[in-house]
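Hello,

I am passing a structure on to you, since you have not worked with it before. Please have a look at it first, and then read on for what turned up in it.

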Amino acid sequence: MLSTRITNARVITMDPARPHARELGIWQGRIVGLDEDVAGLPARRTRDLGGAVVLPGFIDSHVHLTWAGLKAETPSVAPSRRADDVLAAVADAVSEAPAGGWVDLGGYDQRTLDRPLTAADLDAVSAGRRVFLGHISGHACLVNTAVLDRLTAEAVRADGYLVEGAMGAALQSRPPRSLAELVAAIERAARTCRAEGVTAVAEAGVGGRLFGRSPIEAAAYQLAHESGRLPLRVRLMVAADALHPVHAAPEDTTSRALGLGLRTGFGDGALSLGALKVFADGGMMARTAALSSPYEGSDSSGQLLDTPEALEHTIVEGHLAGWQLAVHAIGDRALDVALDALEKAEKRSPRPEARHRIEHAGLVRPDQLPRLAALGATAVVQPSFLRHYGDDYATVMGETRADWLYRGRGFLDHGVRLVASSDRPVADGAPLRAMQFMVERASLSGRTIGRDEAVTVAEALRSYTTEAARACHWEADAGSLAPGKRADLVVLGDDPHTVDTSRIGEIEVLGTFLAGDDTF
């Protein structure tokens with residue numbers, strides 16, 4: 001007997017062997033069959049979807065759930081155009097904090113203000129509290145003197161504007177968050193994902209100094225899962241700096257291993273370990289993405305987060321230890337370093353099915369495309385970055401380089417696997433709105449960015465289903481709707497293939513199924 005029969009649906013399976021169906025049968029959380037394969041089987045319940053469209057649940061291959069959940073509950077200074085408005089918002093938040101406490105705020109963007117702010121400005125309204133004002137990019141912050149005083153001299157700037165490692169040092173000085181607080185944040189962000197049609201995600205880096213929210217962040221995910229508060233499937237990427245040196249047998253080629261406080265029972269179909277996350281550079285909004293030539297109107301080319309030699313060592317050692325690698329490389333200079341290291345790693349120990357990933361691949365020169373293809377690397381891009389921030393990115397890249405931003409067609413034409421994701425909460429997490437950008441290549445202002453990089457609707461859908469599943473090593477269980485696969489589904493009010501492209505992002509998400517259990 002079936003657990004659930006779904007009828008009267010327009011099922012788009014993403015399986016070329018059987019692309020469409022009207023009925024789908026589910027038993028014990030798995031798909032049993034389609035149409036005539038299940039037509040005669042009894043079912044405990046039947047869901048008539050009234051002609052709605054059914055697709056595999058969307059997979060967001062690069063998110064920060066903990067950060068997203070915390071950000072949703074953190075006071076924000078955005079949108080602001082006047083520095084005095086920002087300071088007024090800080091003063092309001094400070095008034096709610098205990099004496100001597102830590103105050104978190106978000107939404108800071110110095111590019112939009114009438115004047116830059118400094119630590120001294122924050123001091124004037126902080127009333128003895130430690131103030132951390134997070135940049136919208138996640139790669140920078142503004143802090144007051146009370147925070148600076150707790151950091152080592154080499155990590156700080158007198159004006160309080162900190163980027164990358166210095167920002168990470170400031171975060172590490174924050175009082176630890178409790179597991180209960182982290183679980184609540186994870187659940188909050190996960191439910192937002194489900195509402196947007198996402199049934200599985202890859203959390204892009206736990207345990208790291210740069211973005212880690214707790215040294216035992218993985219334990220918060222496990223607790224959320226065990227207590228029924230994780231309404232998604234999650235694959236955890238581990239930040240490379242969470243590994244520690246180990247002494248192993250030489251033939252095991254493992255020199256660094258995991259120390260995240262994991263315990264028995266960690267790692268099943270709903271929660272498991274994924275790739276090793278390696279940060280090569282920063283971000284474009286903070287102007288820390290590492291470029292091979294300077295940003296337009298500047299003498300800065302961004303920065304690598306370590307020496308090329310150190311990054312190469314981390315990548316090669318991770319490869320030799322058997323990890324799938326997810327290398328954060330936004331700028332083309334960072335991508336050069338990543339490609340050099342991956343080529344060396346593959347030469348030392350070929351692993352054709354390693355499925356190494358380049359996270360973001362924000363600026364990719366034409367000469368880098370064949371190298372990516374030859375390595376079999378997957379580009380995990382964030383289309384919504386250009387949808388929201390594309391005007392700024394295109395301006396600081398200049399006319400020629402703007403066409404190389406967050407490519408689509410260029411990857412596919414060179415045989416590079418293309419996966420789309422959100423980097424939630426840095427940008428809008430809704431997959432359908434991201435897909436619309438991939439097809440139209442238009443920012444919110446209407447500016448076209450990289451017109452020749454547009455992809456088809458079918459290709460955009462694959463980037464959130466079949467290709468995303470493969471990038472996460474989930475393709476045996478997810479990404480398409482076929483017998484034996486998990487019954488993780490999204491139900492839409494219309495078909496992205498047939499609506500006008502300008503309406504793809506507006507298609508209503510009617511509900512989702514996770515292992516056959518539905519939320520509507």
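Before the rings come up, one definition helps: two rings of Phe, Tyr or Trp, with the six-membered ring used for Trp, count as a pair if their centres lie within 6.5 Å. Please also keep in mind that this is a predicted model.

With that in hand, ring pairs link Phe385, Tyr389, Tyr393 and Tyr406 into a cluster. Within the cluster, Phe385 and Tyr406 make an edge-to-face pair, with 5.6 Å between the centres and 70° between the planes. Phe385 belongs to helix α11 (residues 383-402), while Tyr406 is in the loop between α11 and α12 (409-413), so this pair ties together parts that lie 21 residues apart in sequence. Phe385 and Tyr406 are both buried.

The structure holds six aromatic pairs. Another of them is formed by Trp102 and Phe132: the ring centres are 6.0 Å apart and the planes meet at 25°, so this pair is stacked. Here too distant parts of the chain are linked, as Trp102 sits in strand β9 (residues 102-108) and Phe132 in strand β10 (residues 130-135), 30 residues apart. Trp102 counts as buried because its relative accessibility is 12%, and Phe132 is buried at 7%.

Both of these rings have a neighbour in Ala170, which touches Trp102 and Phe132 as well as Val143, Val147, Leu151 and Leu162, leaving aside residues up to four places away in sequence. Ala170 is part of helix α5 (residues 164-172) and is buried, with a relative accessible area of 0%.

One more ring is worth a look: Arg486 lies over the face of Trp474, at 5.7 Å from the ring centre.

Now to the sheet. Eight strands form an open sheet with parallel pairing, in the order β8-β13-β14-β17-β18-β19-β20-β21. Its edge strands, β8 (58-63) and β21 (417-420), each pair on one side only. On average, neighbouring strands are turned by 25° against each other, direction ignored. Inside the sheet, five bridges join β14 (residues 233-239) to the parallel strand β17 (residues 271-279), and Val234 stands opposite Leu271 in β17.

Which strands does helix α9 touch? Helix α9 (residues 332-348) packs on the sheet against β18 (325-329) and β19 (357-360), and its direction makes about 155° with that of β18. Helix α13 (residues 431-440) also packs on the sheet, touching β8, β13 (198-206) and β21, with its direction at about 85° to that of β8.

Enjoy exploring!

Note on methods:
Residues numbered from 1 in each chain as written. Predicted model: local features only at pLDDT ≥ 70, side-chain atom pairs only at ≥ 80, totals over all residues. Heavy atoms only, no water. Phe/Tyr/Trp six-rings, centres within 6.5 Å; stacked < 30°, edge-to-face > 60°. Helix = DSSP H or I, 4+ residues; strand = E, 2+ residues; numbered from the N terminus. Buried < 20%, exposed > 50% of the residue type's maximum accessible area, 1.4 Å probe, protein only. Lys NZ or Arg CZ within 6 Å of the ring centre and 35° of its normal. Contact = heavy atoms within 4.5 Å. Pairing = 2+ DSSP bridges. Axes fitted to C-alpha atoms, helices over the stretch in contact; angles between N-to-C directions.
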